Amino acid sequence: TDRIADVQLVADALAAHVPGAVTGSHLSVGVRVEPHDLDLRLAPLRAGCAHELIADSAFGGLAPVIERLTNDQRVATFDGSSQAEMLALRLTDRR
């Protein structure tokens, strides 16, 4: 629960920018929760959009929120297509 505020900020940043990044008409969101870890996966995104989502989360002259508040950001192809990708984010509670 110590990182709930971080999760909310990351979710707000994604919600603000993801509509224009989705390939097709649906966005799949996967969430995996384990003690001290939260993994979030978003797909299918248009090729190149996962990195744009991270960069576009900057505001007020600060580094991108997604990059600052997540412990890991990965981009992978989605369903073997070079036209679609998946953004995977991890938040870890280091206690």
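**Exercise 1. Where does R3 lie with respect to α1?** Find its place, then work out its surroundings in this predicted model.

*Solution.* Let's start with the chain. R3 belongs to the segment before α1.

Next, check accessibility. The relative accessible area of R3 is 19%, and because buried means under 20%, R3 counts as buried.

Now look for polar partners. A polar atom of the R3 side chain is 2.4 Å from the backbone oxygen of L69. The R3 side chain also makes a polar contact with the side chain of N71, at 2.9 Å.

Finally, list the contacts, setting aside neighbours within four places in sequence. R3 then touches L69, T70, N71, L91, T92 and D93.

**Exercise 2. In what order do the four strands of the open sheet stand?** Derive which strands are at the edges, and place α1 against the sheet.

*Solution.* Begin with the order: the open sheet reads β1-β2-β4-β3, and its pairing is antiparallel.

The edges follow from that order. β1 (28–34) and β3 (72–78) each have a single partner strand, so one side of each lacks a neighbour in the sheet. On average, neighbouring strands are turned by 20° against each other, direction ignored.

Zoom in on one pair. β1 and β2 run antiparallel and are joined by seven bridges. Within this pairing, R32 has D39 in β2 as its bridge partner.

As a reminder, strands of a sheet pair through backbone hydrogen bonds, either parallel or antiparallel.

To finish, add the helix. α1 lies across β2 and β4, and runs at about 160° to β4.

**Exercise 3. Which residues are linked with R32 in a network of salt bridges?** Build the network pair by pair, and note the accessibility of each member.

*Solution.* Let's first set the scene: side chains of opposite charge can pair when their charged atoms come close. A search of the whole structure finds five salt bridges.

Take the pair of E34 and R32. Their side chains meet in a salt bridge, with 2.4 Å from N to O. E34 is partly exposed at 42% relative accessibility, and R32 is also partly exposed, at 30%.

Then take D39 and R90. Their closest N and O atoms are 2.7 Å apart, again in a salt bridge. This pair links distant parts of the chain, since D39 sits in strand β2 and R90 in strand β4, 51 residues apart. D39 is buried, with a relative accessible area of 4%, whereas R90 is partly exposed at 26%.

Put together, R32, E34, D39 and R90 form a network of salt bridges. Recall that R32 and D39 are also bridge partners in the sheet.

For practice, try another pair. D72 forms a salt bridge with R74, the closest N and O atoms being 2.8 Å apart. D72 is partly exposed at 27%, and R74 is partly exposed at 36%.

**Exercise 4. Which element gives the most residues to the largest nonpolar core?** Describe the core, then follow one of its residues outward.

*Solution.* First, the size: the largest nonpolar core has 18 residues. V10, L14, L45, L53, I66, L87 and L89 have the most contacts inside this core.

Second, the sources. α1 (4–17), β2 (37–46), α2, α3 and β4 (81–92) each give two or more residues. Of these, α2 gives the most, with four residues.

Third, follow V10. Leaving aside neighbours within four places in sequence, V10 is in contact with V65, I66, L69, T70 and L89.

**Exercise 5. Is S57 buried or exposed?** Answer for S57, then do likewise for S25.

*Solution.* Place S57 to begin with: it is in the loop between α2 (49–55) and α3 (65–69). Its relative accessible area is 5%, which means that S57 is buried.

Now its partners. A polar atom of the S57 side chain lies 2.7 Å from the backbone oxygen of I54. Beyond neighbours within four places in sequence, S57 is in contact with A13, P64, V65 and I66.

Turn to S25, in the loop between α1 and β1. At 66% relative accessibility, S25 counts as exposed. The S25 side chain makes a polar contact with the side chain of H26, at 2.9 Å.

One last distance to check in your viewer: the C-alpha atoms of S25 and A50 are separated by 17 Å, with their positions 25 residues apart along the chain.

Definitions and conventions. Residues numbered from 1 in each chain as written. Predicted model: local features only at pLDDT ≥ 70, side-chain atom pairs only at ≥ 80, totals over all residues. Heavy atoms only, no water. Buried < 20%, exposed > 50% of the residue type's maximum accessible area, 1.4 Å probe, protein only. Polar contact = N/O pair within 3.5 Å; in protein donor to acceptor, adjacent residues only side chain to side chain. Contact = heavy atoms within 4.5 Å. Core = buried A, V, L, I, M, F, W, Y, C linked by side-chain atoms within 4.5 Å. Pairing = 2+ DSSP bridges. Axes fitted to C-alpha atoms, helices over the stretch in contact; angles between N-to-C directions. Salt bridge = Lys/Arg side-chain N within 4 Å of Asp/Glu carboxyl O.
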